[in-house]
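These exercises are meant to be worked with the sequence and the model side by side. Try each task before reading the solution that follows it.

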Amino acid sequence: MQSIIVSIKNPKWANESHTAIDCELMLEGLDDVLPFTASSDDCEPHGKEIFGRILAGEFGEISDFVA
């Protein structure tokens, strides 16, 4: 079964090297927001896809990394 993404909110860099992005996912059929980290080298295709979509600006500006 494949989950359908309803929204992705609050993208922010998860690290200083900008290879991972933290965000909040809302999936169809779920009432809760899920924390998610997408990365450029994710082992799962959906992680790479989400990273690319966020990087392309589809979900707004990516907030800066805060140590």
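**Exercise 1.** Leaving aside its neighbours within four places in sequence, which residues is S39 in contact with?

*Solution.* Before starting, note that this is a predicted model, in which local features need pLDDT of at least 70 and side-chain atom pairs count only at pLDDT 80 or more, while totals for chains, interfaces and linings use all residues. Residues are numbered from 1 along each chain as its sequence is written, and side-chain values use heavy atoms, with hydrogens and water left out.
- Step 1: Find S39 in strand 3, residues 34-39, where strands (E, at least two residues) and helices (H or I, at least four) are DSSP runs numbered from the N terminus.
- Step 2: Apply the contact criterion, which is heavy atoms within 4.5 Å; with the sequence neighbours set aside, S39 is in contact with T19, A20, G47, K48 and F51.
- Step 3: Turn to the side chain of S39, a polar atom of which lies 3.1 Å from the backbone nitrogen of D42. For a polar contact, the pair must be N or O atoms within 3.5 Å, and within protein one must be able to donate a hydrogen and the other to accept it, with residues adjacent in sequence counting only if both atoms are side-chain atoms.
- Step 4: Classify S39 by its relative accessible area of 13%, which makes it buried; buried means under 20%, exposed over 50%, and partly exposed in between (1.4 Å probe, protein chains only).

**Exercise 2.** Determine which residues make up the largest nonpolar core, and which elements each supply at least two of them.

*Solution.*
- Step 1: Recall that a nonpolar core is a set of buried Ala, Val, Leu, Ile, Met, Phe, Trp, Tyr and Cys residues joined through side-chain atoms within 4.5 Å.
- Step 2: List the twelve residues of the largest such core, which are I8, W13, I21, C23, L25, F36, A38, I50, F51, I54, F59 and I62. At least two residues of this core come from each of strand 1 (5-13), strand 2 (20-27), strand 3 and helix 1 (45-55).
- Step 3: Follow one core member, I8, which touches C23, E24, L25, I50, I54 and F59 when residues up to four places away in sequence are not counted.
- Step 4: Follow another, W13, which is in strand 1 and counts as buried at 11% relative accessibility. With the same exclusion of residues up to four places away, the residues touched by W13 include H18, F51, L55 and F65. W13 and D64 are 51 residues apart in sequence, yet their C-alpha atoms are 5.7 Å apart in space.

**Exercise 3.** Describe the largest pocket: how much space lies in it, and which residues lie nearest its centre?

*Solution.*
- Step 1: Take the definition, in which a pocket, on a 1 Å grid over the protein atoms alone, is an open set of points where a 1.4 Å probe fits, with protein on both sides within 12 Å along at least five of seven lines, and lining residues have an atom within 4 Å of a point.
- Step 2: Read the volume, about 220 Å³, as the space filled by probe spheres set on the points, which are joined across faces, edges and corners.
- Step 3: Of the 13 lining residues, S3, I5, L27, H46 and I50 lie nearest the centre. Strand 2, strand 3 and helix 1 are the elements that give two or more residues to this lining, and helix 1 gives the most, with four.
- Step 4: Look at L27, which is found in strand 2 and is buried, with a relative accessible area of 13%. Not counting residues up to four places away in sequence, L27 touches S3, I4, I5, V6 and L34.

**Exercise 4.** Where does H18 lie, and is H18 buried or partly exposed?

*Solution.*
- Step 1: Place H18 in the loop between strand 1 and strand 2.
- Step 2: Assign H18 to the partly exposed class, at 39% relative accessibility.
- Step 3: Check the backbone, where H18 has a positive phi of about 60° although it is not a glycine.
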